[in-house]
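Biologist: Please take a close look at one charged side chain and its surroundings, and then follow the connections outward from there. I would like the reasoning behind each description to be made explicit.

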Amino acid sequence: MRTLADLGLTDRSFCIRFLPFTITKAILFDIPVLSPGTPFPKPGDPVTVRWLRQKDGYRYHFESSVLGLVQDTEDGLPAISIAYPSSLIRTQRRQAFRVQVPLEDAQNMFLRWGTPPNDLECPAFAYDLSATGGRFSFAIPLAFSDVPDVSSVVSITISLAGKQYNVEGRIARINKVGAKEEHAEGRERWMIGVCFINQPSVFQKALENYVIRQQRQR
């Protein structure tokens, strides 16, 4: 699986993937899809590459410069060549790139928590997703007290481009966001920030591809 990264220039950034090979004194990445009129990075342009290493959960980045284009030996397509950095900086894990979720996917989510046979399920709305987690909201009756806590593990049915996946997530934060209209209907809305855990590889790959597609459509 090719690692997702962010290629930052002085005035813009792109989602890219590490290619599984290098050349002398260079690191290679796939070519980002650019919007019409967006200039392509030129040789000599300074760049900062940032990514999350799933194996240890840390964020890494390095500063370097664009060397130019070369040919990917696997598929023959062009690849962008970045000069091999003199140093690599590791920082604490942070939130990965977030993308807003299209309405047709955002409304097609479900959240479950608790222990069977007393577990609960309710519709959820997705606000944004990243390669490591997302923000969701759900509404329950005002008098209902069985709300998941921070660090609770919940199950989520997630829709990505019309295909559903069942995954687990650990709640990193939770707060009330209910509006007066919902309170008048006897409901409270909660917002949760979730970090995905124990992701099946098929879901992780689909999620990373989904994030890339949504970034390119922005």
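Modeller: Glu121 has a relative accessible area of 52%, which is over 50%, and therefore counts as exposed. This value, like all those that follow, is computed from a predicted model. The partner of Glu121 is Arg112: the two form a salt bridge in which the closest N and O atoms are 3.4 Å apart. In general, side chains of opposite charge can pair when their charged atoms come close.

The backbone around this pair deserves attention next. Arg112 lies within strand β9, residues 109–113, and Glu121 lies within strand β10, residues 120–129. These two strands, β9 and β10, are antiparallel and are paired over five bridges. One position in the pairing can be named: Leu111 has Cys122 as its bridge partner in β10. The two strands make a hairpin, with six residues between them, and in its turn Gly114 adopts a positive phi of about 100 degrees. Confidence matters for such a reading: β9 has the highest mean in the protein chain, at 94, whereas strand β2 (residues 13–23) has the lowest, at 75. The protein chain as a whole has a mean pLDDT of 83, with 90% of its residues at 70 or more. Where pLDDT is low, the predicted coordinates should not be read in detail.

β10 has further partners. Strand β8 (residues 99–100) runs antiparallel to β10 and is joined to it by two bridges; there, Gln100 is matched with Asp128 of β10. Asp128 also has a bridge partner in β11, namely Arg135. The pairing of β10 with strand β11 (residues 133–141) is antiparallel and comprises four bridges, and the two strands form a hairpin with three residues between them. In a regular strand the side chains alternate between the two faces of the sheet.

The contact between Arg112 and Glu121 can be set beside other charged pairs, for the structure holds eight salt bridges. Arg187 takes part in two of those described here. With Glu182, the side chain of Arg187 meets at 3.7 Å, N to O; with Glu185, the corresponding value is 2.9 Å. What are the surroundings of these three residues, buried or exposed? Glu182 has 12% relative accessibility, which is under 20%, so it counts as buried. Glu185, at 54%, is over 50% and therefore exposed. Arg187 has a relative accessible area of 32%, which falls between those limits, so it is partly exposed. Through shared partners, salt bridges join Glu182, Glu185, Arg187 and Arg189 into one network.

Aromatic side chains offer another set of contacts. The count of aromatic pairs comes to eight. In the pair of Phe18 and Phe29, the ring centres are 4.7 Å apart and the planes stand at 50 degrees; because that angle is neither under 30 nor over 60 degrees, the pair is tilted. It connects distant parts of the chain, with Phe18 in β2 and Phe29 in strand β3 (residues 26–30), 11 residues apart. Phe18 has 16% relative accessibility and Phe29 has 0%; both values are under 20%, so both residues count as buried. Phe18 also pairs with Trp51, in an edge-to-face arrangement with 5.0 Å between centres and 75 degrees between planes. This second pair likewise links distant parts of the chain, since Trp51 belongs to strand β4 (residues 46–53), 33 residues from Phe18. Trp51, at 12% relative accessible area, is under the 20% limit and so is buried. Ring pairs extend the group to a cluster of Phe18, Phe29, Trp51, Tyr60 and Phe62. Here the mean of 75 for β2 should be kept in mind.

Finally, helix α3 allows a check on geometry. Its 16 residues, 201–216, should span 22 Å at 1.5 Å a residue, and its end C-alpha atoms are 23 Å apart, so the expectation and the model agree. The buried residues of α3 include Phe203, Leu207, Val211 and Ile212, and also Glu208, Gln204 and Gln214.

Conventions: Residues numbered from 1 in each chain as written. Predicted model: local features only at pLDDT ≥ 70, side-chain atom pairs only at ≥ 80, totals over all residues. Heavy atoms only, no water. pLDDT = per-residue confidence, 0-100. Pairing = 2+ DSSP bridges. Phe/Tyr/Trp six-rings, centres within 6.5 Å; stacked < 30°, edge-to-face > 60°. Buried < 20%, exposed > 50% of the residue type's maximum accessible area, 1.4 Å probe, protein only. Salt bridge = Lys/Arg side-chain N within 4 Å of Asp/Glu carboxyl O. Expected span 1.5 Å × (residues − 1).
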